[in-house]
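Here is a walk through one protein chain, taken piece by piece. Keep the structure in view and follow along.

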Amino acid sequence: MKKILLITAFGLTFGAQAQNHTVSKGDTPYNISKKYGLSLSELYALNPSIKDGTIAIGQVLVVRNSTTKSSSANGYIILQPKQTIYGITKQYHITEQQLRSLNPDLESKMKIGNRIVLPLANIQRYGKGTVSENSTVLATGSLEKYTVEPRDNYYKITRKFNISQQELFASNPGLESKGLKAGDIIVIPASTQGPNNGGDASSATAQVEVKSENSATNDTVQESSDHEYVTYTVKSGDTVFGILNRFGITLDQLLSLNPELSSGLRSGMVLRIKVLDAQYSKKSGDALNVVIMLPFGFDSNDSRYRSISTDFLTGAKLAIERSAKGGQKLDVKIVDAGNEQSFKQSLSQINKDNTDLIIGPLFKSSVLEVLDYIGDTKIPVVAPFANSEDLYGYNNLIIVETTDKVYAEKIADEVKNVYSNQKIYIVGERGSERVALVKASLEKQLKNGEIVVVSSPSAIQLDKNMATGQDAPVIAVLASNEEGLGEDFGKKVIELSSQVSGVKAFSMYYNSIFESRIDELSQANLVYLMDRKVNTDGKFEKQVLGEYDRLYCKMPSKYAIIGFDVVSDVLSRENAKGEIFKQIGKVQTQLATKFEYVRAQRGGAYINTGYRVIRLVP
């Protein structure tokens with residue numbers, strides 16, 4: 001069945017009529033704000049009389065301000081079978097709050113054939129592959145065509161035509177992932193100021209979408225090879241102080257590269273952050289020379305990690321074959337890294353004068369030895385599993401493993417979004433680092449929150465409403481990846497949700513019960529972070545799994561998936577000169593892993609902070 005995507009443009013509007021909500025039985029300020037895509041503070045600002053949280057049945061509340069300004073252009077999609085709120089936010093790269101803001105009473109609209117309003121640019125950009133021959137696309141603004149020239153890049157083109165990268169990508173679906181090639185014809189959206197013949201791109205006034213999610217589409221840090229600067233596109237809500245902190249630079253440095261800041265900071269400005277560090281570039285030849293170091297332990301007669309290494313290699317080989325079929329010239333050498341004691345013998349197999357990329361080894365001590373061995377050659381090294389502060393000072397190192405701290409901070413952000421003075425339970429092994437990280441992150445976000453740490457889900461109890469004496473909902477957070485504890489957590493959340501509405505549940509990690517009892521857990525609006533789990537319904541995933549099955553007559557194991565993802569990701573970032581760091585800012589998901597790299601410290605290693613957020617909605 002073909003999906004039909006209909007798009008129409010709603011122009012910029014002012015002075016829309018106020019929208020009201022009449023309080024009914026069971027309503028709370030929180031669920032009203034959620035229904036209309038507002039934060040609690042926004043709801044209270046529109047209705048000062050309920051700032052104490054007290055509402056009465058029949059009371060009329062304002063849920064849309066009459067002076068609210070809508071987004072610059074909206075469109076709609078026709079809801080298809082199996083589409084969910086989560087699926088729509090994921091496909092069209094908007095937050096659930098934005099979706100609800102555009103679609104009040106969203107739950108009632110989630111029926112096949114209904115219209116769901118979305119930002120027009122997101123529909124044009126991410127709706128590719130879902131438009132039938134009979135689809136209608138209506139948009140505002142004129143367009144012109146441009147033939148890509150040698151040495152063109154996104155920065156040059158957006159600067160030349162005085163447009164933002166978001167506008168360029170929205171007008172050319174697939175361009176961001178495909179890249180620019182000389183001779184390609186692309187569409188240039190009309191600019192209110194015309195082509196830029198030397199002026200600064202910061203004068204553009206394009207609206208920049210603000211997102212709380214990590215997303216491949218919202219990556220605004222670019223490394224410009226033509227101008228040799230790291231650049232950053234200013235988002236709504238950014239401050240100069242925040243930008244200085246994010247990039248670890250001084251105000252002096254920022255102003256010296258961006259004199260136009262004297263007139264103020266504006267959304268859409270493209271700021272030069274710093275001159276690009278000198279990075280690795282191929283010395284000779286047209287094939288990328290790759291070394292993969294895995295602890296097979298044949299020579300050292302140590303088989304402890306042989307199974308992991310063999311599985312990793314099967315996935316890596318599939319990624320290599322796919323890259324080669326795509327035209328990438330590769331010369332790959334597999335090195336037995338032995339064990340930590342015999343590792344030094346393996347280093348002699350690395351030709352420092354003719355190696356462009358090293359993937360592995362697995363252990364931190366071995367990674368450090370590789371980095372010391374290659375010295376000042378700047379050869380990029382990818383560490384698939386090792387993640388330690390000892391490694392953060394090496395600027396030619398790419399660390400794949402995401403830290404628990406990143407997960408804990410994201411969970412705290414999610415809890416903050418729904419927090420309304422509920423009691424919070426953290427479930428996990430007492431004294432564990434994960435529990436400590438979640439507790440610290442929550443205490444930072446919620447200054448006066450009541451937080452209780454328990455080692456068993458059975459210790460979670462409903463709270464009591466002091467005014468009525470009735471049971472009150474709580475927030476439960478799982479800070480463990482132990483399968484049995486996760487299963488008990490899921491069962492307890494289901495039990496509590498059956499007793500009182502409004503229970504909220506969060507987990508740092510995926511557990512199988514989250515799928516096996518998805519309908520019941522959706523009643524608690526369970527939110528969990530997921531990494532390295534394959535979406536077997538995806539087109540790309542089905543293709544890769546099918547190829548793996550044809551090669552090895554089985555489905556890939558956990559470590560085979562990691563091998564594929566790591567190698568496929570790094571090879572996709574390489575160019576003919578082996579300049580992997582010029583594409584390190586690109587955010588992408590492979591078979592089961594999301595990759596989003598940031599500097600671990602100023603001038604240091606790149607560390608993956610990617611994850612996928614799964615939200616279960618009733």
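A crossing of two helices is called right-handed if the near helix is turned clockwise from the far one by less than a right angle, and left-handed if it is turned anticlockwise. With that term in hand, look at helix H12 and helix H21. H12 passes H21 in a right-handed crossing. Bear in mind that this is a predicted model.

H12 covers residues 306-325, and H21 covers residues 558-573. Two packed helices are described by the angle between their axes and the distance between the axes. Here the axes come within 7 Å and cross at roughly 35°. Many residues take part in the contact. On the H12 side they include Ile 308, Phe 312, Gly 315, Ala 319 and Arg 322. On the H21 side they include Tyr 559, Gly 563, Val 567 and Leu 571.

Now step back to the whole chain. The chain has 618 residues, and buried residues make up 49% of them. Its secondary structure comes to 21 helices and 26 strands. Count the contacts with a separation of 6 or more: residues 24 or more positions apart account for 69% of them.

Next, find the sheet that H21 packs on. Seven strands form this open sheet, in the order S11-S10-S12-S13-S14-S25-S24, with mixed pairing. Strand S11 (330-336) and strand S24 (597-599) are the edges; each has a single partner strand, so one side of each has no neighbour in the sheet. From one strand to the next, the twist averages 20°. Strand S10 (residues 288-294) runs parallel to S11, and the two pair over seven bridges. One point to locate is Met 293, whose bridge partner in S11 is Val 335. H21 lies against this sheet and touches S10, S11, strand S12 (357-359), strand S13 (381-383) and S24. The direction of H21 makes about 165° with that of S12.

A second sheet has its own helix. Six strands form this open sheet, in the order S16-S15-S19-S20-S21-S26, and its pairing is mixed too. Its edge strands are S16 (451-454) and S26 (612-615), each pairing on one side only. The twist averages 20° from one strand to the next. Inside the sheet, strand S15 (residues 424-427) and strand S19 (residues 475-478) pair in the parallel sense over four bridges. Ile 426 has Val 477 in S19 as its bridge partner.

Helix H15 (residues 404-418) lies across this sheet, over S15, S19, strand S20 (504-507), strand S21 (527-530) and S26. H15 runs at about 170° to S20. The helix has 15 residues and reaches 22 Å from its first C-alpha to its last, close to the expected 21 Å. Its buried residues include Val 406, Tyr 407, Ile 411, Val 415 and Val 418. Charged residues are on that list as well, including Lys 410 and Glu 414.

What lies around H15? In soluble globular proteins, nonpolar side chains tend to be buried together. The largest nonpolar core here has 38 residues, and Val 415, Ile 424 and Leu 442 touch the most other members. H15 gives the largest share of this core, seven residues. Leaving out residues up to four places away in sequence, Val 415 touches Ile 424, Leu 442, Leu 446, Ile 475, Val 477 and Phe 506. Another core, of 37 residues, lies apart from it; among its members are Phe 296, Ile 359, Tyr 548 and Val 567.

Finish with three single residues. Glu 579 is in the loop between H21 and strand S22 (588-589). Is Glu 579 buried or exposed? Its relative accessibility is 15%, so Glu 579 counts as buried. Beyond residues up to four places away in sequence, Glu 579 touches Tyr 280, Ser 281, Arg 573 and Glu 574. Lys 586 is in the loop between H21 and S22. With a relative accessible area of 22%, Lys 586 is partly exposed. The C-alpha atoms of Lys 586 and Tyr 597 are separated by 8.0 Å, and the two residues are 11 apart along the chain. Lys 594 is in strand S23 (residues 594-595). Lys 594 is buried, at a relative accessible area of 7%. Lys 594 and Asp 531 are 63 residues apart in sequence, yet 7.1 Å apart in space, C-alpha to C-alpha.

Definitions and conventions
Residues numbered from 1 in each chain as written. Predicted model: local features only at pLDDT ≥ 70, side-chain atom pairs only at ≥ 80, totals over all residues. Heavy atoms only, no water. Pairing = 2+ DSSP bridges. Axes fitted to C-alpha atoms, helices over the stretch in contact; angles between N-to-C directions. Contact = heavy atoms within 4.5 Å. Expected span 1.5 Å × (residues − 1). Buried < 20%, exposed > 50% of the residue type's maximum accessible area, 1.4 Å probe, protein only. Core = buried A, V, L, I, M, F, W, Y, C linked by side-chain atoms within 4.5 Å.
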